[in-house]
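Student: Could we go through this structure together, with a few questions and answers?

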Amino acid sequence: MRGLEGKVAIVTGGAQGIGRAVVDRLVTEGVTVTIADMHPEFGPAAAAEVNSGGGRAWHAQVDVSVEEQVAAAVEETMLRFGRIDYLVNCAAVFIMRGVEATVEEWRRSNDVNIMGQALCVKHVAKHMAVQGGAIVNIASISGHIAQPEYVLYNSAKAAVANMTRCLAMDLADQGIRVNAVNPGTVWNANNERFHREVLKMSREQAEADPEIGGRHMLKRVADPEEIAGPIAFLLSDDASFITGENLMIDGGYTAM
Ligand SMILES: NC(=O)c1ccc[n+]([C@@H]2O[C@H](COP(=O)([O-])OP(=O)(O)OC[C@H]3O[C@@H](n4cnc5c(N)ncnc54)[C@H](O)[C@@H]3O)[C@@H](O)[C@H]2O)c1
């Protein structure tokens, strides 16, 4: 993909799952990466794996809902690499509650899933404006549909979808494109564990289930790499006229 090589990205939530696949894909394309993730073990491990494989990455211990930590990770990235071209906002918490959700649960969900993305954009924007840049926020099919007991998560993801349009408008003059991707069900380690422990399902069983795989036109769930590829595209110069867009990467889930 055009324009990625030699650039610098911050990937929040880059220690695991989709974020980790994004890190690996960007490193393959020649991008240097800050892995901004609060996980104290998987974060350093991800950076070590990238560096031992010949790529360039470091782990910033960051809770994206804490502004000072976000600001410090951004400034440290500038000190280390001298520029920031890309931001991928992957970090999220999954607080699956219905109407009984507490004030604390609402605040944590919104603080990480909405404000955390906005804070990262706020702190990278002035550095990106120097040479231009691109941002991809991770929303979800859940931001476009109703699901039982998902009201916190789905409300936050709907906010991300529209926040993306507003930020794209505000940052267009500075040469910064802002887009969102909306994945369907993605089979990462945490989702595998949830299906195995809570739903007592293997991947094959989940894909055959009318309420999981069957909700996607392609009758399956996605691998994290299938989300990372379109994200790399949206960051690249091949997407130079795309901004304010919500790209569905959902195997046809929301089209039917
Ligand atoms: N897995 C899916 O099926 C799916 C579907 C649609 C959208 N998404 C979205 O994709 C993104 C990645 O999801 P995933 O399933 O790969 O998640 P995951 O649980 O595998 O990884 C999330 C990462 O975010 C980090 N994180 C959590 N809270 C943080 C915080 N406050 N500050 C910094 N890091 C934090 C965690 O340590 C973890 O490494 C999320 O935005 C999620 O909402 C996932």
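**Helix crossing and pocket**

Tutor: The crossing of α1 and α2, both helices in the sense of DSSP runs of H or I with at least four residues numbered from the N terminus, is right-handed, the near helix being turned clockwise from the far one by less than a right angle. This is a predicted model, in which local features need pLDDT of at least 70 and side-chain atom pairs count only at pLDDT 80 or more, while totals for chains, interfaces and linings use all residues. Residues are numbered from 1 along each chain as its sequence is written, and side-chain values use heavy atoms, with hydrogens and water left out.

Student: Which residues of α2 make the contact with α1?

Tutor: Contact here means heavy atoms within 4.5 Å. From α1 the contact is made by Arg-20, Val-23, Asp-24 and Val-27, and from α2 by Ala-46, Glu-49 and Val-50.

Student: Which element gives the most to the lining of the largest pocket?

Tutor: A pocket is an open set of points on a 1 Å grid over the protein atoms alone, where a 1.4 Å probe fits, with protein on both sides within 12 Å along at least five of seven lines, and lining residues have an atom within 4 Å of a point. The largest pocket is lined by 48 residues, with Phe-94, Met-96, Tyr-153, Asn-188 and Asn-191 nearest its centre. Two or more lining residues come from each of α1, β2 (32-37; a strand is an E run of at least two residues), α4 (103-128), α5 (151-171) and α6 (189-197). With four residues, the element that gives the most is α6.
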